Amino acid sequence: MIRSGARKTIGHIVTHQRTGNTIEFEPADGVGTYVTNCDLASQLGDDQVNSLKQALGAYGVLFFRNQDLSPEQHIALAECFGKININRFFPKVPDHPQIAEVRKEPTQQLNIGAKWHTDHSYDQIPAMGSILVSRVTPKRGGDTVFANMFLAYDHLSDGLKATVNQLNAVHSSRHVFGSGVEGSERFSNADNATQDTIHPMVISHPISGRKALYVNPEFTIGIDGWNKEESTPLLEMLYRHATRPEFTHRYKWRPGSVAFWDNRATWHCALNDYPTETRLMHRITVEGEALHA
Ligand code: SIN
């Protein structure tokens with residue numbers, strides 16, 4: 001099993017016996033790994049898919065450069081990893097409802113995903129991962145910052161680990177995608193933003209078994225069975241801790257960039273620092289499984 005640590009580790013290489021293809025992984029500081037020698041537009045073999053899955057479970061995010069993916073190839077890639085979840089709130093790419101559009105135009109003030117979050121934690125069965133492809137990148141800015149929830153958990157004290165290991169948290173979408181929320185006019189189906197759900201605050205990662213902190217500032221609304229006065233200070237402390245710089249990596253998008261993140265192991269936030277430019281990304285979300293402590 002591959003494990004990622006707080007320090008940059010030496011890259012590893014996986015050669016696939018059937019094809020002779022060699023995928024190279026160069027871990028990033030904080031979270032994620034850069035992946036080279038892997039053409040995402042080609043039909044990936046089972047062994048390549050398996051290597052990428054293992055790397056996702058270990059590093060949390062896969063970063064790719066210089067890819068040339070059509071919408072159809074983006075869909076075919078996602079289907080190698082599971083069933084596509086058609087997002088009920090996001091605008092869709094015309095003729096490709098499987099792909100959600102993450103767009104900000106120069107006339108818009110707010111961007112999508114500006115607050116730290118993990119996608120779909122408000123679902124009973126949260127998404128496994130999301131594959132984001134850059135389509136229009138601003139000349140400067142528009143980076144995405146990722147945070148490592150394995151490291152966030154590992155670096156809690158034993159005392160706090162013992163406490164959070166026993167707790168569940170409540171997650172919701174209604175304050176983000178529900179009607180009347182600022183910026184929600186760019187989303188659809190506000191009436192569907194009703195599904196609050198409860199997950200363990202610490203999960204065993206479905207691929208690696210490693211423990212990860214599973215609360216996030218955008219969608220977690222409280223600790224189950226605790227009142228707001230009790231739960232807000234603990235959650236805020238965990239949020240400050242989880243975004244320590246050494247647990248994060250800032251990914252700069254270029255034409256041809258792709259990031260594939262595991263929603264159970266990471267958070268992300270999209271920076272809103274390109275006021276006069278357009279940024280357009282295509283996102284596909286892959287379904288996951290129920291989460292357990
Ligand atoms: C998202 O939050 O899913 C989008 C992230 C981004 O646009 O960088």
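This briefing covers the ligand and the pocket that holds it. The model is predicted. The ligand sits in the largest pocket. The protein covers 100% of the 260 Å² of accessible area that the ligand has on its own.

**Shell around the ligand**
- The residues surrounding the ligand are V102, G113, H117, D119, L132, T144, W261, H268, A270, R279 and R283.
- By class, this shell has four nonpolar, four polar and three charged residues.
- Two elements give two or more residues to the shell: strand 17 (266–270) and strand 18 (279–286).

**Polar contacts of the ligand**
- R279 places a polar side-chain atom 2.8 Å from an oxygen atom of the ligand.
- The side chain of H117 has an N or O atom 2.9 Å from an oxygen atom of the ligand.
- For the side chain of H268, an N or O atom is 3.1 Å from an oxygen atom of the ligand.
- H117, H268 and R279 also appear among the residues that surround the ligand.

**The largest pocket**
- The volume of the largest pocket is about 520 Å³.
- Its lining counts 31 residues, and those closest to the pocket centre are N111, I112, G113, A114 and E218.
- One of these, G113, is also in the shell around the ligand.
- The lining divides into 14 nonpolar, 10 polar and seven charged residues.

**Elements that line the pocket**
- Helix 5 (174–177), strand 17 and strand 18 each supply at least two residues of the lining.
- Helix 5 gives the most, with three residues.
- Strand 17 and strand 18 also contribute to the shell around the ligand.

Definitions and conventions:
Residues numbered from 1 in each chain as written. Predicted model: local features only at pLDDT ≥ 70, side-chain atom pairs only at ≥ 80, totals over all residues. Heavy atoms only, no water. Near = heavy atom within 4 Å. Polar contact = N/O pair within 3.5 Å; in protein donor to acceptor, adjacent residues only side chain to side chain. Areas by Shrake-Rupley, 256 points an atom, 1.4 Å probe, with all protein chains shown as cover. 1 Å grid on protein atoms, 1.4 Å probe; cavity = no way out; pocket = protein on both sides within 12 Å on 5 of 7 lines; lining within 4 Å. Sits in = over half its atoms within 2 Å of the grid points. Helix = DSSP H or I, 4+ residues; strand = E, 2+ residues; numbered from the N terminus. Nonpolar A, V, L, I, M, F, W, Y, C, P; charged D, E, K, R; others polar. Points joined across faces, edges and corners; volume = space filled by probe spheres on them.
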